[in-house]
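I have opened a fresh page for this protein. Come along while I look things up one at a time.

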Amino acid sequence: MARENPNIIITGTPGVGKTTHAEQLARATGFKHLSVNQIVKDEGFHEGKDEETGSWIVDEDKVSPRPPRNPPLASSGGYILDWHACDLFPERWIDLVIVLRCDSTTLYDRLTARGYKGKKLEENMDSEIMQVLLDEAREAYKEEIVVELRSETTEDAEGIWRGWRCG
Ligand code: ADP
């Protein structure tokens, strides 16, 4: 069944600008921004925090059955899914995957400003340098729906979605 509107994943290493882009895109299109991180925190879909990295340990069994209980996601679409992994969302629900990328110096500054240090900082920097999320997205979805975008300047974040329309 064809969806009325596309479902779009915005993914990338923490700090690349997923929230920023998802908010801009939601404003431009009227689509619903669904931040998985927020859902995990708000609904307690986690098993506490990793002591070493300070990150939430996500309980994927609790998060993943959620979208089917949310029929518009599969049928009418119009969701912007913001998460630093793509494996939660089955291929059949997804029409476009945007993988945001950022140069190391910029990302380092953003993550340290957020208070990341030690292992957590190192792991995220390595993940971006090794393009882990881009490779994951290319493995999980058809190549032609995976788009890589730079997110280094304000113009990258705001300019791109101005006047953006679907359909
Ligand atoms: P994520 O959701 O991927 O963790 P955020 O959207 O929270 O990333 O962005 C992290 C920080 O970087 C924020 O302070 C945000 O304002 C800044 N930022 C993100 N993208 C850009 C960009 N393209 N240009 C300038 N600053 C950006």
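**Entry 1: the sheet.** Before I start, one term: two strands pair if DSSP finds at least two bridges between them. I also note that I am working with a predicted model. With that term in hand, I looked up the sheet and found an open one of five strands, with parallel pairing and the order 2-5-1-6-7. Which strands stand at the edges? I found strand 2 (32–35) and strand 7 there, and each has a single partner strand, so one side of each is left without a neighbour in the sheet. I also noted the twist, which averages 25° from one strand to the next.

**Entry 2: walking across the sheet.** I followed the order from one edge to the other. Strand 2 and strand 5 run parallel and are joined by four bridges. I wrote down one residue pair here: K32 has Y79 in strand 5 as its bridge partner. My next stop was strand 1 with strand 5, a parallel pair with three bridges. Here I9 has L81 in strand 5 as its bridge partner.

Then I moved to strand 1 (residues 8–11) and strand 6, which pair in the parallel sense over four bridges. I noted two partners for this pair: I8 goes with L96 in strand 6, and T11 goes with V99 in strand 6. Last came strand 6 with strand 7 (residues 146–150), parallel again and joined by five bridges. L100 has its bridge partner, L149, in strand 7.

**Entry 3: the faces of two strands.** How many of the residues of strand 6 (residues 96–101) are buried? I found six of six, so to speak a full score, by the rule that buried means under 20% relative accessible area. On one side I listed L96, I98 and L100, and on the other V97, V99 and R101, so both faces of the strand are covered by the under 20% rule. I was glad to have checked R101 along with its neighbours, as R101 is on the buried list too.

I then did the same for strand 5. Both of its faces are covered as well: Y79 and L81 are buried on one side, and I80 and D82 on the other.

**Entry 4: the nonpolar cores.** Next I looked for nonpolar cores. The largest has 25 residues, and those with the most contacts inside it are I9, L81, F89, I94, V97, Y141 and V146. Which elements each supply at least two residues of this core? My list reads helix 2 (36–43), strand 5 (79–82), strand 6 and helix 7 (132–140). Apart from this core lies another, of 20 residues, including A26, A28, I80 and L111.

I picked V146 for a second look. Not counting residues up to four places away in sequence, V146 touches V97, V99, L134, A137, R138 and Y141.

**Entry 5: A137.** A137 was on that list, and I looked it up next. I found A137 in helix 7. Is A137 buried or exposed? A137 counts as buried, at 0% relative accessibility. Leaving out residues up to four places away in sequence, A137 touches C86, V97, V99 and V146. I also checked A137 against R92: they are 45 residues apart in sequence and 14 Å apart in space, C-alpha to C-alpha.

**Entry 6: two helices.** Two packed helices are described by the angle between their axes and the distance between the axes. I took helix 5 (residues 104–113) and helix 6 (residues 118–129), and found that their axes come within 11 Å and cross at roughly 150°. That makes helix 5 roughly antiparallel to helix 6, because angles over 145 degrees count as roughly antiparallel. I noted the crossing of helix 5 and helix 6 as right-handed. Where they meet, helix 5 brings S104, L107, Y108, L111 and T112, and helix 6 brings L121, N124, M125, E128 and I129.

**Entry 7: two glutamines.** I looked up Q131 in the loop between helix 6 and helix 7. Q131 has a positive phi of about 45°, although it is not a glycine. Q131 is partly exposed, with a relative accessible area of 28%.

My other glutamine, Q24, lies in helix 1 (residues 18–29). Q24 has a relative accessible area of 18% and is buried, because the cut-off for buried is under 20%. Leaving aside neighbours within four places in sequence, Q24 is in contact with A157, E158 and W161.

Definitions and conventions: Residues are numbered from 1 along each chain as its sequence is written. This is a predicted model: local features need pLDDT of at least 70, side-chain atom pairs count only at pLDDT 80 or more; totals for chains, interfaces and linings use all residues. Side-chain values use heavy atoms; hydrogens and water are left out. Buried means under 20% relative accessible area, exposed over 50%, partly exposed in between (1.4 Å probe, protein chains only). A nonpolar core is a set of buried Ala, Val, Leu, Ile, Met, Phe, Trp, Tyr and Cys residues joined through side-chain atoms within 4.5 Å. Contact means heavy atoms within 4.5 Å. Axes are lines fitted to C-alpha atoms, for helices over the stretch in contact, and angles run from 0 to 180 degrees between N-to-C directions. Angles under 35 degrees count as roughly parallel, over 145 as roughly antiparallel, 65 to 115 as roughly perpendicular and the rest as oblique. A crossing is left-handed if the near helix is turned anticlockwise from the far one by less than a right angle, and right-handed if clockwise.
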